[in-house]
Amino acid sequence: MSTLCQIRDLSVTYRDQPNPALAHVTLDIEAGGRLAIIGESGSGKSTLARTLAGLLPPRTHLTGEIQWTGGTPPRPGRDLGFVFQDPSSSLNPVLTIGEQVAEGARQHLDLGWKQALERAQDMLERVRIAQADRVLRAYPHQLSGGQRQRVAIAAALAAKPKILIADEATSALDVVVQAEIVALLDDLVRDAQMTLIFITHDIALASGFADRVAIFKDGRLVEAGPTASLLAAPAQGYTRTLLQSHLDLTSPPLVEEAAT
Amino acid sequence: MTLLEINNLSKHFRSGGRDVTALDGVSLTLDPGQTLGLAGASGSGKSTLARIVMRLLPSDGGSIRFAGEDWLALSGKDLRRRRAKIQMVFQDVLGAFNPRATVGSVLDDPLRIHEIVPKSDRPRKIAELLDRVGLQANLADRSIRDVSGGQRQRIAIARAIATDPALIVLDEAVSALDVSIRGKVLELLVELQRERDIAYLFVSHDLAVLRAVSHRITVMDGGRLVETGPARQVIGNPQSTAARALVSAVPRLRIQTPQGHSHEP
């Protein structure tokens, strides 16, 4: 697998902040791979996502290097799609679903509105929105949270980017919808052979479908490597803490069972 | 004796000219000192149920008996006095506090409103509450915005236990917490339950959390309770479509250990 991007000693400090949000991060991102960036709040995982996507606010101080294979950084919206945690704030409330999904295709694929809307309908079908032709004319508030996130994914992918960054894209959804969206991302990324950068606080979710993981804490990279070997034999205590803190249906209950 | 008994509760909302049934014939019971996990996907009606129990929303039909009284018939002074016995902890703790409040004033409010201890004794009681939830007493002077998310959720728990409640409704109370903090908060809740015989109605879409703390679990779908039973039974052998969907959606940690043993079911 070839390298998409080499991050070398990257530090990011937001304006007027005394401490860096990311400090001395060195990491390779493989083209066509699925990298999970795992961390708790304040770990710097979203800062890394925004740095890669060129979405940092003005006057953010960066040191170190990000070298993209091919020389130039991916163009946001064209080469790189981004799905945010909260679909209700990433969609414009006064534009129809069709206009928002078509916009990327129109801008970046040089399509007219008519063709762009056809592409939008096709994308809505790809993200398994039922009655896509009707949803095209709907507004975000008429959809459920899960449907809105599907629309946001369709919009992010409308211009056929080669990189998709999903920043806690399923965290605001309930577990049933989360599982559906993860399965959808899995399919879409495989079909289009995209590079997926999946930002999450949930190590179990990442364990299910990332081929590499990078664990972050307090703005620093704790460790990174192939998912299977890193989770089976973590080198760092913090990774072990995350694994031990994970709760699933096999975790021992804290209370005695009810008698009846 | 049963602490909470809900019978045939119903609730409808009008939304965009359509009639939406949020609760449809919901019946359940909860004993003192026990936890009932209320599971369900978004829109299943679980938060509506929690809000009716809290008397934050009126019901359209059905009854609730709490501690032997007709809970929905109480009003005015009687309701205010008894509200001390049912407390609530929300997911979004910052939104549940006055943003200008200090930690101390957050805990002072219930002690004053419900006349739990005389004014001169309140600072001591606040220190005791903070200590009980694992926080330093000197946190009392800090702004509620200047403490961490985990500390804030402990303060919400301290506020809930301040009035010596018989029931606490926990609405996604640990869902916003980092995993390394979540386990400790769940342990604290279980300790407080054992120590004070508090019943919990624990609302969550996350069955893994409910499995950890619930004696019984009930699953809600489309405003109805579709399955209720001991936690082990509902998780291990779900009968309804909704329960099976929730069980299978819980992310499994997939680890291949060197022995070839897998955590994956």
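pLDDT is the predictor's confidence in each residue, on a scale from 0 to 100. This is a predicted model; its ipTM is 0.84 and its pTM 0.89. Colour chain B by pLDDT to begin: the average is 92, and 96% of the residues score at least 70.

Next, select chain A. Its fold holds 10 helices and 9 strands. Measure along the principal axes and the C-alpha trace spans about 60 × 55 × 40 Å. The radius of gyration is 19 Å, which agrees with the value near 18 Å that a compact globule of 260 residues would have. Of those 260 residues, 45% count as buried. Show the contacts in chain A between residues at least 6 apart in sequence: 66% of these join residues at least 24 apart.

Now go to where the two chains meet. Here 40 residues of chain B are in contact with 33 residues of chain A. On the chain B side, helix 6 (179-196), helix 7, helix 8 and helix 9 each supply at least two residues. Helix 6 of chain B gives the largest share, 7 residues. Colour this side of chain B by residue class to find 21 nonpolar, 10 polar and 9 charged residues.

Last, select residues 241-249 of chain B, which form helix 9. Ala242(B), Ala243(B), Leu246(B) and Val247(B) are buried there. Look down the axis of helix 9 of chain B: the buried residues fall within an arc of 130°, so they line one face of the helix. An α-helix has 3.6 residues a turn, so residues three or four places apart point the same way. To see what the buried residues of helix 9 of chain B pack against, add helix 7 (175-192) of chain A. Within chain B, their partners include strand 3 (35-40), strand 9 (216-221) and helix 8 (231-236).

Terms used: Residues numbered from 1 in each chain as written. Chains lettered and ligands numbered in written order. Predicted model: local features only at pLDDT ≥ 70, side-chain atom pairs only at ≥ 80, totals over all residues. Buried ≥ 20, exposed ≤ 12 C-beta atoms within 10 Å, placed from the backbone. Helix = DSSP H or I, 4+ residues; strand = E, 2+ residues; numbered from the N terminus. Arc of directions from axis to C-beta. Contact = placed C-beta atoms within 7 Å. Nonpolar A, V, L, I, M, F, W, Y, C, P; charged D, E, K, R; others polar. Rg over C-alpha atoms; globule rule 2.2 N^0.38 Å.
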